[in-house]
Each structure stands twice: as structure tokens, then as C-alpha cells.
Amino acid sequence: MLTDEVVVRTRDLTMHYGSKVVLDGIDIEVHRGEVVALLGPNGAGKTTTIEILEGLRSPTSGLVEVFGINPLHASIEHRARVGVVLQSWRDHGRWRVREFLHHLSILYAPFRADDATWSVDALLERVGLGDRARSRIASLSGGQRRRLDVAVGLIGQPDLLFLDEPTTGFDPHARREFHELMHELADTRSTAILLTTHDLAEAERLADRILILDGGHIAANGSADDLARSVAGATEVRWRVADDRFVHSTDDATTFVRDLLVGDPGVTDLEVRRSTLEDTYLTMVARAANPTFVEETQ
Amino acid sequence: MNRISASALRAGALRGAIEFRNSMQRPSDLSFYLLGAISFGIALWFLRDQEIPDLGISVAVVVFPTAIAIIMLFVATYGLATLVSTEREDGTVLRLSILPAGTLTYPWGQTVRTLLELAFTFAVFTVIATVLVPNVWNQGWFGALTALGFLILGVFACLPLGFILGSIFNNPRSVGGWGFLVLGAIVYASGIIQPLTELPVWIQIIGQVLPLYWLGLGLRSALLPDGFVGAEFGESWRTLESLGVLGGWAIAGVILAPLLLQRVSRRDSFATLAQRRERALQRV
């Protein structure tokens, strides 16, 4: 359930690696029960942002608060409230799946009520690894390993969950189950979720809000619909008159098509296509990279 | 805080047991421990007929405590440093550092694992020595139990060096090169190969700051006949000093290990980790 309680807050967050500016004054807010997707091209600073919020990196400047505390100085109790799914773990390969998760669950035990629906075995079933409980982690496929990563992120029943490209290597079925799990967390447990992804359909389906990060700035911030609306000509209309093809972008496709059909009875092959998040994303990134270019094409 | 520490200790003990089981199932690890025990066993076999004229006792009896001290240093320091640097590279340390009380769980887990591995190695080595060397237990049960006490204290005293080396070198290949040199120097400066009294004074000073000299001294005091005390400083076993220095290193380890790990995990990040992993793969 989405609430007003702010769980993650950054103000003017800036990160330099040497002379390279990765983040240049980023403001982010994530609320309790909100699912926020962080999109952006490779090297846009998505992983850096997540690492700063986890307290693994110290930002060059700016304010960072997670549950009202600077994550660099997080206490043990604070850590226990945050679940983390990071990219490409290669550790604990010789451990068995269940014993690894059990080992982690012991560390979280003092902070969590005993809840059978969150037991190690229940969680393994939830992520579809019930039949691999005794397998060595190194023997898992890429997708299975990723599902184990998700289970690791959830074992502490977190109030806040960071996921860095969580569904890489998932098959469509696993992906859908993962989406259901995330919705359930946000809806019934009011877990705040911040995830990065390259899968725009996933961002659209999962996220209450999408942040597009590009060139160290936030290029866009809003729901998938908000973002589509903010790009001029959100809908594309194509048609043919005799042998001539036409394309027109419009905000109000209904009125445009009505006028078009009334005005010209020779219209055939009419096609109305609402812009996808992908179109929006590409426009947003292009606009942030080169504002003048986008102005001209509009 | 109590419940948190208790569960960190429980998780660490489980961790140590699982890691020990894993290394027993890995031929390369198993042969590392067996090879140490067996090669020192062979050395004892060759030395067992050489007697020290005045004392009527086999040289092998004298070498026995030395061999134990060296095995201890290699498992508790070299082995641990290799493991810590390997687990920095594969992300284990980083993973633990973002878990609640993970920076306590990790060193405690490594300590438990090292204790189990030493117990295994020493069990093998002790059986070999008992069979091959007559008179090896010339000081009876009291001597054997004193030696065991020094060994347990010695593990905790040697582990801090392992954590320090493991956090200085960020990959196991450097530990294999530089770490080996450092350990060789420590063995030399600790009067393990030849009496410390015969070495230059500045080496004597360094040797007596490090734990290995005191572990060797304690083991000799427990396992050798009293006549051997003549080769030591001041012709004394200096038992209280041994306990003091070894205890000091053990306490330093308890304080230092979690701090070193926090420092290490703050310097390592996932980006640098990925780079290092790629470089490591290129080398293979």
C-alpha cells in the first residue's frame, strides 16, 4: 500500500569518479509501499545510486537518508530492515542452496517475528527453487541463481528492497512470478521497492513511478502514463491515400482520426499506435543528451 | 545487542562447519592439509635415529614442537589470508558486510573453520608422530595438555596476522607470492629453525613481538625435557610472558578483525570487484 512516509530521500546527490561525473545533483524520494523503477542507459549511474543508498559507497556530496539515517553510518538494526539484490554474485558456490539461505536467516532472526510464510523452505518454494534446495549453488543455472539472489534479498522480510537488474536470465514464467511477488510485497507488506532494469515492459508493469537517469541527471520522473504524456505527440497515426503514405503524431488521436475520416473519404490502411514506454524512454534520453535536436523534430 | 551477538555467533559457527565440510570435500584443500602433516611426518622419520648425545633423546622429539608451530602458522595465517583474499575477490566479504552483524559473523566463521582444520591436521600429524617417534610424549599427559592449551591460545594469536595479510592483499595470487615471503621471514625471525639466541639482536626484537616465537617457546616448554631450557633466553621458559604475548595477540584479533573487514568492504565495491574478477579470469 502506497503511503506518504518517505523511506529513501536524496538531495543534490553528486558522485565523481576522479574527473568523471556520474551523478550530478540527483533528488530521489521513495515512499513506503511504493515501487520505483530506475531506468537509464549503461553507465548512467543506476548501480552507483543503489550502492550509495545501501551505504556501500560514500557520495562526493549531497544528502542521503534511508529511514532518516545516513546509510554509511547505519546500525545493525537498520541494516536488517533493508534487503539487497545486487548484480552478478559469484560467492558461496560450494554451499548448498538451503543451508546458505538458512545461514542468512539466522542473522535476521533477532529482528523478525517467526512467520511460517517467510520460512526458508516457503521462500525457496516461492522463488521456484524448492526442488534445488540441496544443490550446490555453483550448479545452478543463471536464472536459478538470480532467483536465489531474490530469495536472499527477501529472507530478512525487509521494509525496503533494492534490486539491481533482478530478472536477468529469467524465463517468462519466472518473470511473471517475480512480478506477482513484488506486487504482493508492496501491497500487503508496504515494502518500498527500488529496482533498476533494462526491461521497459517490466518497469511499466511493476513500477508506480519511473525515474530515467541519464548523463548524471534525472531525465524524467513519473508514472508510465505521465511520461508518455510529457512526450509531445504521444500517439502516432498512419494512413494511406491512394499510393501516398502519411504519418502524424498527436496528443489527441480520437479527434484527429474523426476529422481525418470526415475530411477525406479516400483514407485506407488506418493505423493508430500509442507510443510505448520504449518510445518515450528513447525520446527522453535523446532530449536529455541533446535538447536542441529534440526541439527541432517536434 | 545480546540476541544479535548470539545469532551472529550461531551463524558463524554454522558457517565454519559448512566451510570445513566443503574443504574436506575438495581434493586440493584436503591434500594441502594432509601434505603438511605427511611431509613433516617424513622429516620426523628421517630424524628419529639421530640422538642428541648429552640428553639421550632423538632429534625428532625436538623437531616435533617446531613442526606443530609451523603447521599452525601456515594454516592459521597463510591459509586464512589466502581464503580472506579469495573471498574478497568473489564477493563473499562484501555480501557479509551488508548483512546485519555480518562483520562479526565472518571472522568468527573463519575462526571456527580454522580450528576444525587444525584439529584435523594435528590429529593426523599427532598419530604419525606417536607411531614414528619414540619418546615424543616424554613429558606425559601434563605436557600434552599444556601443549594443547598453548595450541588453542596460539590459534587465536596467529589468526590476526592472517586477517591482516588477507586485507592487505586483494587477491589470492599476491598472498601466494608476497604472503609466502612474509611468512618465511616470520618463521626465520621467530627462532623456529634455529635458536633465537643465535640471531642478530634486531631480529630477536622483531621475533619477540610476533606470536610465533612465543608459541614455539610454549610448545617446547610443554614437550621437551627440562634440560633444553638452557638454549632459551635467560635459561627460562618464560611461561607467563608467553601467555601474555599470545593473549595480547588474541585480544588484538578480536578487536581488529571486524574493523579490518569493514575497512576492506568499504574499499571494495561491486564495480571494482567485477573488474578484478575479469582480470583474474584473463590470467586463467
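Start with chain A and colour its two domains: their centres, taken over C-alpha atoms, are 36 Å apart. The assignment puts residues 6–225 in domain 1 and residues 227–297 in domain 2; such bounds come from an automatic or database domain assignment. Before you go on, note that this is a predicted model, in which local features need pLDDT of at least 70, side-chain atom pairs count only at pLDDT 80 or more, and totals for chains, interfaces and linings use all residues. Residues are numbered from 1 along each chain as its sequence is written, and chains are lettered from A and ligands numbered from 1 in the order in which they are written.

**Stop 1: between the domains of chain A**

Select the contact between the two domains. Domain 1 of chain A brings 15 residues to it and domain 2 of chain A brings 10, where two residues are in contact if their C-beta atoms, placed from the backbone, lie within 7 Å. On the domain 1 side, look for α7 (200–206), β8 (209–214), β9 (217–222) and α8 (224–230) of chain A, the elements that give two or more residues each. Helices (H or I, at least four residues) and strands (E, at least two) are DSSP runs, numbered from the N terminus. Highlight β9(A), as the largest share of that side, 4 residues, comes from this strand. Colour the domain 1 side by class and you should find 9 nonpolar, 3 polar and 3 charged residues. For these classes, Ala, Val, Leu, Ile, Met, Phe, Trp, Tyr, Cys and Pro count as nonpolar, Asp, Glu, Lys and Arg as charged, and the others, Gly among them, as polar.

**Stop 2: the β11-β10-β12 sheet**

Now show β10, β11 and β12 of chain A. These 3 strands form an open, antiparallel sheet in the order β11-β10-β12; strands pair if DSSP finds at least two bridges between them. At the edges are β11 (244–250) and β12 (267–274) of chain A, each pairing on one side only. From one strand to the next, the twist averages 15°; angles run from 0 to 180 degrees between N-to-C directions, and axes are lines fitted to C-alpha atoms, for helices over the stretch in contact.

Zoom in on β10(A) (residues 235–241), which pairs with β11(A) in the antiparallel sense over 7 bridges. Label Val241(A), and opposite this residue in β11(A) you will see Asp244(A). Then add helix α9(A) (residues 253–263), which packs on the sheet and touches β10, β11 and β12 of chain A. The direction of α9(A) makes about 15° with that of β10(A).

**Stop 3: the β2-β1-β4 sheet**

Next, pick out another open sheet of 3 strands in chain A, with antiparallel pairing and the order β2-β1-β4. Because β2 (20–31) and β4 (61–66) of chain A stand at the edges with a single partner strand each, one side of each is left without a neighbour in the sheet. Here the twist from strand to strand averages 15°.

Follow β1(A) (residues 6–17) alongside β2(A): the two run antiparallel, joined by 9 bridges. Label two pairs as you go: Val6(A) has His31(A) as its bridge partner, and His16(A) stands opposite Val21(A). The hairpin of these strands has 2 residues between them, and Gly18(A) takes a positive phi near 60° there.

**Stop 4: where the chains meet**

Bring chain B into view. In this interface, 27 residues of chain A are in contact with 25 residues of chain B. On the chain A side, select α1 (46–54), α2 (76–80) and α3 (97–108), which each give two or more residues. Of these, α3(A) gives the most, with 6 residues. The chain A side divides into 14 nonpolar, 5 polar and 8 charged residues.

**Stop 5: helices of chain B**

Finish with α2(B) (residues 27–47) and α3(B), whose axes come within 10 Å and cross at roughly 165°. They are therefore roughly antiparallel, a label for angles over 145 degrees. Show side chains at this contact, including Phe40(B) and Leu44(B) of α2(B) and Phe64(B) and Ile71(B) of α3(B). The contact has 11 nonpolar residues, 1 polar and no charged.

Keep α3(B) (residues 59–89) selected and add α5(B) (residues 102–132): their axes come within 10 Å and cross at roughly 150°. Among the residues that make this contact are Phe64(B) and Ile71(B) of α3(B) and Leu118(B) and Phe125(B) of α5(B). By class, there are 10 nonpolar, 3 polar and 1 charged.

Terms used:
Angles under 35 degrees count as roughly parallel, over 145 as roughly antiparallel, 65 to 115 as roughly perpendicular and the rest as oblique.
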